[in-house]
Amino acid sequence: MNNNIWKIAALALVLTACKSTPMNPAKVEDSSVTKPISNSQNNGNDGSAGTNKIDIKTVDVDSGKDQLSAAELAKRQIFFDYDSDAIRAEYKELVANHAKYLAAHPQTKVVLQGNTDERGTHEYNLALGQRRAVAVKNALNVLGVSDSQIETVSYGEERSKQNCGDDDCFQHDRRVDVVYGQ
Amino acid sequence: MTLTGLFVIILYITGNLKVNNIVTMTTVKSRLIDNRWASMHAFFASILVWMFANPAQAALEIEISGGSAIQIPIAILPMTEPANAPGKSRIHEIISNDLKGSGMFRVLNTSGVPSLPTTAADIKYTDWTALKAQGLSIGEVQQAPNGNLKINVQVMDVLRQTPLLQSTYTVPASQYRHVAHLIADQIYEKFTGQPGAFATRIAYVTKAGKRFTLQIADYDGFNAQTLVSSNEPIISPAWSPDGSKMAYVSFEKKKPIVFVQSLYTGERKVVANFKGNNSAPAWAPDGSKLAVVLTYGANSQIYTISADGSNLQQVTKSSSIDTEPAFSPDGQSIYFSSDRGGRPQIYKVPASGGSASRVTFEGGYNVSPRFSPDGKYLTYIRNDGGSFKVAVQELGSGSVKLLSTGSQDESPSFAPNSRTIMYATRVGGKGTLATVAVDGQVRQRLSEAGGDIREPAWGPAQAAPK
């Protein structure tokens, strides 16, 4: 069984090489950009570690950016019209915020999870949800996010509310969730 | 053909295995054990029969609508049974329900007959010709050694006053319902000339709260057993052609991945786990490979992959959605749904790839194609003015019929005898299963007490006596 998993993994790698835009290994390896500078790392830099912490003011050049991003990244759902994968104008800013963060943090990975309402068949809805996830991915790509950072998957109708009576209910199910990796 | 023989069958069920605290698997093994008896009755030597010992969770709610124009009148008489015979339904009731539900039989009300015979010698044929019965079944259930039951059935040709069938089964008490279905299959075949599909199994997914389970049950929903359960969705169960394995899609890793699980050993393999979605498994008729849908590029496209996860080959190459593949029974073509023409329609493509051609032309939305095993029919779901219904298309003539009456009907699949289609429907806001005859004449519903039930797949015919 393990053997098969490796075979599948190998196959996936081959496919990756064939299909996606050329990867930039240097970018992937570059951890210095993404690692937030923590207090403990800074202790050595200012030369007064340990004894008198209260008086020390640590400056973290990345932290402000991260906080700003965190606030803007709080919104992680993009809703769609019925049977549509077009990103509505009201979500352009939300997508741009995530793109900005991801472009600045090339090691951060994101999964875009597409969802649909319950009307239609399970597998067809899985494909529709995928199309929505891809629409968001394409928007992120345009704004400079690398393919290697994004995985698109679909839950189709599997997480939909059941027995919706009207579109007020259905519309909550037609969305892409932006889910950040570790 | 007269069936005589002796089954000695024992069921082993191993306990639940915990896997990652998310997915539990139940391993089910069944085997024919008593070789001495088996070899004495070589007729049955190669049989491997499925059995289930768990209490029923779903049950067929016999709610028959319509009926075939020509129904065979038959009398299924109560058998002589021991007081501790298993279950709530008596064997003649199970046989009667099978035959009635097929739409091909009219099971006669015998309350007007003064004394019902229990042996062939007691039969007063004039009572039964008066009722216009063509067939009459009698029999007995007896205790046998080692907790087994010995079930003897005789079916008489009323007009000729001769026996049509005589069978004896010696089985564990847990096989009581299974024997009833086997008897119903024999009667069905004797009178219609076509094999029955009562002693068959179905797979389906239930959702109770946040818990998804993939279950296997008798065709009437009795003796349900859990194959896999998970807190993440499970969809698209697909039987291997030999009935020994189940392919399905599990979201347990937060994305759709195609697994194949052996029913007998519980061995579970990842068949497709590529970047993006992996879904819609469909077996080739020879069981060597599956069609799957991957979103490796962007849109859902159809690929084939060996059952061991090797030899991936792309079948469709389009910029549209291509999904829900189904192999034609000859294995040469893959039928699938695609929105390449705007709205989703069914297309076919050579299984080795190539150019696709459209199959459905009526209706603005047709999805979920599935073949009848005899290759004569294609069933699919049509969106008919906002309500999703089961349609059947005769492949020879191209004529199409809408068969179901629900508004959210999904997941049609054929019985192994190509006579009946099972599908998912919603009743009172809850998913249930239903069957409809391919001629649209008879419908039945399967209800479950607990959760939501969806995505049925009718299993292949069980190994036939050789």
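**Exercise 1. Describe the contact between chain A and chain B in this predicted model.**

Step 1. Count the residues on each side: chain A gives 25 residues to the contact and chain B gives 36 residues.

Step 2. Locate the chain A side. Helix H1 (2–19), helix H6 (122–142) and strand S3 (150–156) of chain A each contribute at least two residues to the side that touches chain B.

Step 3. Sort that side of chain A by class: 12 residues are nonpolar, seven are polar and six are charged.

**Exercise 2. Determine why strand S21 (residues 333–338) of chain B is described as largely enclosed by the rest of the structure.**

Step 1. Take the two faces in turn. One side of S21(B) carries Ser333(B), Tyr335(B) and Ser337(B), the other carries Ile334(B), Phe336(B) and Ser338(B), and all of these are buried.

Step 2. Draw the conclusion. Six of the six residues of S21(B) are buried, so the strand is largely enclosed by the rest of the structure.

**Exercise 3. Identify the strands that pair with S21(B), and the turns that link them.**

Step 1. Start with strand S20 (residues 322–327) of chain B, which runs antiparallel to S21(B) and is joined to it by four bridges. Phe327(B) has Ile334(B) as its bridge partner in S21(B).

Step 2. Examine the hairpin of S20(B) and S21(B). Five residues lie between the strands, and Gly331(B) has a positive phi near 75°.

Step 3. Turn to strand S22 (residues 345–350) of chain B, which pairs with S21(B) in the antiparallel sense over six bridges. Here Tyr347(B) of S22(B) stands opposite Phe336(B).

Step 4. Examine the hairpin of S21(B) and S22(B). Six residues separate the strands, and Gly342(B) in the turn takes a positive phi of about 110°.

Key: Residues numbered from 1 in each chain as written. Chains lettered and ligands numbered in written order. Predicted model: local features only at pLDDT ≥ 70, side-chain atom pairs only at ≥ 80, totals over all residues. Contact = placed C-beta atoms within 7 Å. Nonpolar A, V, L, I, M, F, W, Y, C, P; charged D, E, K, R; others polar. Buried ≥ 20, exposed ≤ 12 C-beta atoms within 10 Å, placed from the backbone. Pairing = 2+ DSSP bridges.
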